[in-house]
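Subject: A structure to look through

Dear colleague,

Please find below the sequence and the structure that I promised to pass on to you. I suggest that you keep them open while you read the notes that follow.

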Amino acid sequence: VIMCLIVPPQVRFVPIYIMLSRVNLINTYFALILPYATSALGTFLIRQAFAEISDDIVAAARIDGANTLQIIFRIMAPMAKPTIVAFSLFSIVYHWNEYFWPLVMTTDETVRTLPLGVALLREQGTGARWHIIMSGNMFVVIPVIIIFIFASRVIIKSFTMTTLK
């Protein structure tokens, strides 16, 4: 998992592009989502959060008759909720602001993302009309701010819970 974090996304770009083009997924939403369906960082962070949970808690759940899925979703996931929310926030912000991958994977304007659309607002002949670009940036930033407001409640709650213990 750590080795996957070392390899930059630009190195993985060519093989993934070739694979998706062979199955005719260029200019689709699936091509924008599929490469980010798994994450080495997410695997590492959530594994570390689960490793911090005491084995005694898991053993007590097994004695109470819980199966593996119940232990994961009813005990471990709520205990790792701050880590899951923090990683989700990082992932959403990173992928929402992604420029390179949508630029390469799409040629049709109906599939392109908002950050790419805002970057394409610059006109070739007349230069940049900054008032239009900045209003476009507001449409890019507002969803991220709304998501952060909801996620920050969980993260702040986790910090106050750990200081009370």
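A helix here is a DSSP run of H or I with at least four residues, a strand is a run of E with at least two, and both are numbered from the N terminus. By that definition Thr43 is found in helix H4, which covers residues 40–51.

Before going further, please note that this is a predicted model, in which local features need pLDDT of at least 70 and side-chain atom pairs count only at pLDDT 80 or more, while totals for chains, interfaces and linings use all residues. Residues are numbered from 1 along each chain as its sequence is written, and side-chain values use heavy atoms, with hydrogens and water left out.

The overall picture

The protein holds 10 helices and zero strands, and reading along the sequence gives the pattern α-α-α-α-α-α-α-α-α-α. Its radius of gyration, which is taken over C-alpha atoms, is 21 Å, well over the 15 Å that the globule rule gives for 165 residues, so the protein is more spread out than a compact globule. The globule rule itself is 2.2 Å times the number of residues to the power 0.38. Along the principal axes, the C-alpha trace spans about 70 × 40 × 25 Å.

To describe the surface, I call a residue buried when its relative accessible area is under 20%, exposed when that area is over 50%, and partly exposed in between, using a 1.4 Å probe and protein chains only. Of the 165 residues, 22% count as buried. The protein exposes about 11700 Å² (an area from the Shrake-Rupley method with a 1.4 Å probe), and carbon and sulfur atoms supply 69% of that area.

Two residues are in contact when heavy atoms lie within 4.5 Å. Among contacts between residues at least 6 apart in sequence, 62% join residues at least 24 apart.

As for charge, Lys and Arg count as positive and Asp and Glu as negative, whereas His and the chain ends are not counted. On that count there are 12 positive and 8 negative side chains, and the centres of the two sets lie 2 Å apart, with each charge placed at NZ of Lys, CZ of Arg, CG of Asp or CD of Glu.

The loop between H2 and H3

Which residues in this loop deserve a second look? Asn24 lies between helix H2 (9–22) and helix H3 (29–33), and Asn27 lies in the loop between H2 and H3 as well. The phi of Asn24 is near 55° and that of Asn27 is near 65°, each a positive value in a residue other than glycine. Most residues other than glycine have a negative phi. Asn24 is exposed, at a relative accessible area of 65%, while Asn27 is partly exposed, at 25%.

Just after this loop, Phe30 lies in helix H3 and is partly exposed, with a relative accessible area of 46%. Leaving aside neighbours within four places in sequence, Phe30 is in contact with Leu25 and Pro35. The C-alpha atoms of Phe30 and Leu20 are separated by 9.4 Å, although these residues are 10 apart along the chain.

Helices H7, H10 and H4

The expected span of a helix is 1.5 Å times one less than its number of residues. For the 16 residues of helix H7 (residues 81–96) this gives 22 Å, which agrees with the 22 Å between its end C-alpha atoms. Within H7, Val85, Ala86, Phe87 and Leu89 are buried.

Val154, in helix H10 (residues 130–164), touches Lys81 and Val85, not counting residues up to four places away in sequence. Val154 is partly exposed, at 22% relative accessibility, whereas Arg153, which also lies in helix H10, is exposed, at 54%. The C-alpha atoms of Val154 and Ser135, 19 residues apart along the chain, are separated by 30 Å, and those of Arg153 and Met134, also 19 residues apart, by 29 Å.

Finally, to return to helix H4, Thr43 is partly exposed, at 45% relative accessibility. The C-alpha atom of Thr43 is separated by 25 Å from that of Ile149, which is 106 residues away along the chain.

With best wishes
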